[in-house]
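Trainee: Could you take me slowly through one part of this model, namely the surroundings of the ligand, and then say a little about the chain beyond that site?

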Amino acid sequence: MLSGDGTLTAVTRDVSSAIARCELTHLPRVDIDVARARAQHQAYLERLSRLDCRLIELQAEPDLPDSVFVEDTAVVLDEIAVIARPGAASRRPECLSIAIVLSDHRPLATLEKPATLDGGDVLLVGRTMWVGLSGRSNWSAIGQLRTIVGRYGYEVRPVELDGCLHLKSAVTLVAPDTVLLNPAWVDAQIFGGLEVVTIDPGEPHAANALRIGSGLIQAANFPRTRARLEARGLTVHPVDVSELQKAEGAVTCCSLVFRSTAET
Ligand code: CIR
């Protein structure tokens with residue numbers, strides 16, 4: 001969640017040797033090559049570095065299959081970091097180590113039972129925090145978020161989803177006033193005040209792009225959607241994350257990116 005000045009920092013975690021036991025909702029389980037997944041993850045980290053992100057790299061967690069997908073563990077705003085309570089119970093132990101890292105950078109708040117929230121369901125556009133009502137995130141989380149972030153002037157708005165894992169599977173911010181969106185999974189009219197770029201219909205997972213500065217990181221296997229973004233003058237850096245996609249991962253979910261001062 002980015003705004004203002006300062007160094008960009010990305011918290012990441014190496015791919016777990018247990019990733020084959022990841023949570024799956026919409027995809028069939030297929031073999032995942034851990035070495036290849038790690039090489040792809042490394043290339044993703046190198047791309048973040050080349051885009052001037054300072055990396056905080058956490059070691060792999062052999063007992064936490066989905067722990068490379070750090071985005072789901074927290075929501076980092078300029079003012080505060082909210083530690084999530086992931087909808088899949090297997091993922092909740094991922095949060096403690098992330099909270100320890102983030103406590104060096106932000107005051108912390110924590111969502112409490114019965115709230116469930118995956119960070120992949122949170123899309124920040126200015127002071128509007130859109131939260132997907134997915135299979136992972138619930139109304140209790142919306143209520144708790146309203147209390148926590150409302151005091152900083154954020155408006156929390158629920159979004160209905162259909163057919164995808166997270167809100168950011170369906171829509172991401174690709175420019176200050178522009179979203180990239182799959183209209184089959186989320187209603188484009190919700191984002192009426194913004195420019196909307198729709199994905200190529202043959203690339204349903206292409207709406208997930210990670211905005212770093214003025215550039216975008218996007219999975220390499222969405223060339224037709226990439227062309228739509230480039231036609232708008234946007235710079236896209238393709239990365240091959242095909243092994244992570246087998247675990248229902250994408251590009252936003254492999255990092256927690258925020259601004260920090262040089263000292264933090
Ligand atoms: C899960 O189902 O939780 C993981 N296998 C994938 C999480 C991907 N996270 C994200 O897109 N924010």
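Mentor: What follows is a close look at the ligand site, and after that a few details from elsewhere in the chain. Please keep in mind throughout that this is a predicted model, and that the distances below are computed from its atoms.

Let us begin with the place itself: the ligand sits in the second largest pocket, where 13 residues surround the ligand, and the closest of these are Glu23, Asp66, Asp72, Arg136 and Ala247. If you sort the residues of this shell by the character of their side chains, you find 7 charged, 4 nonpolar and 2 polar.

Several polar contacts can then be picked out one by one. In the side chain of Glu71, an N or O atom is 2.8 Å from a nitrogen atom of the ligand, and for Asp72, which was already named among the closest residues, a polar side-chain atom lies 2.8 Å from a ligand nitrogen. His166 also takes part, with a polar side-chain atom that lies 3.4 Å from a nitrogen atom of the ligand. As for how far the ligand is enclosed, on its own it has 350 Å² of accessible area, and the protein covers 98% of that.

Turning now to the rest of the chain, the model has a count of 13 salt bridges, one of which joins the side chains of Arg36 and Glu243, with 2.8 Å from N to O. This pair links distant parts of the chain, since Arg36 belongs to helix α1 (residues 34-50) and Glu243 to helix α6 (residues 242-245), 207 residues apart.

Two details of the backbone complete the tour. In the loop between α1 and β2 (53-58) you will find Asp52, a residue other than glycine whose phi is positive, near 70 degrees. In another loop, between β5 (108-110) and β6 (122-125), you will find Pro114, which is joined to Lys113 by a cis peptide bond with an omega of about 10 degrees.

Methods
Residues numbered from 1 in each chain as written. Predicted model: local features only at pLDDT ≥ 70, side-chain atom pairs only at ≥ 80, totals over all residues. Heavy atoms only, no water. Near = heavy atom within 4 Å. Polar contact = N/O pair within 3.5 Å; in protein donor to acceptor, adjacent residues only side chain to side chain. Areas by Shrake-Rupley, 256 points an atom, 1.4 Å probe, with all protein chains shown as cover. 1 Å grid on protein atoms, 1.4 Å probe; cavity = no way out; pocket = protein on both sides within 12 Å on 5 of 7 lines; lining within 4 Å. Sits in = over half its atoms within 2 Å of the grid points. Nonpolar A, V, L, I, M, F, W, Y, C, P; charged D, E, K, R; others polar. Salt bridge = Lys/Arg side-chain N within 4 Å of Asp/Glu carboxyl O. Helix = DSSP H or I, 4+ residues; strand = E, 2+ residues; numbered from the N terminus.
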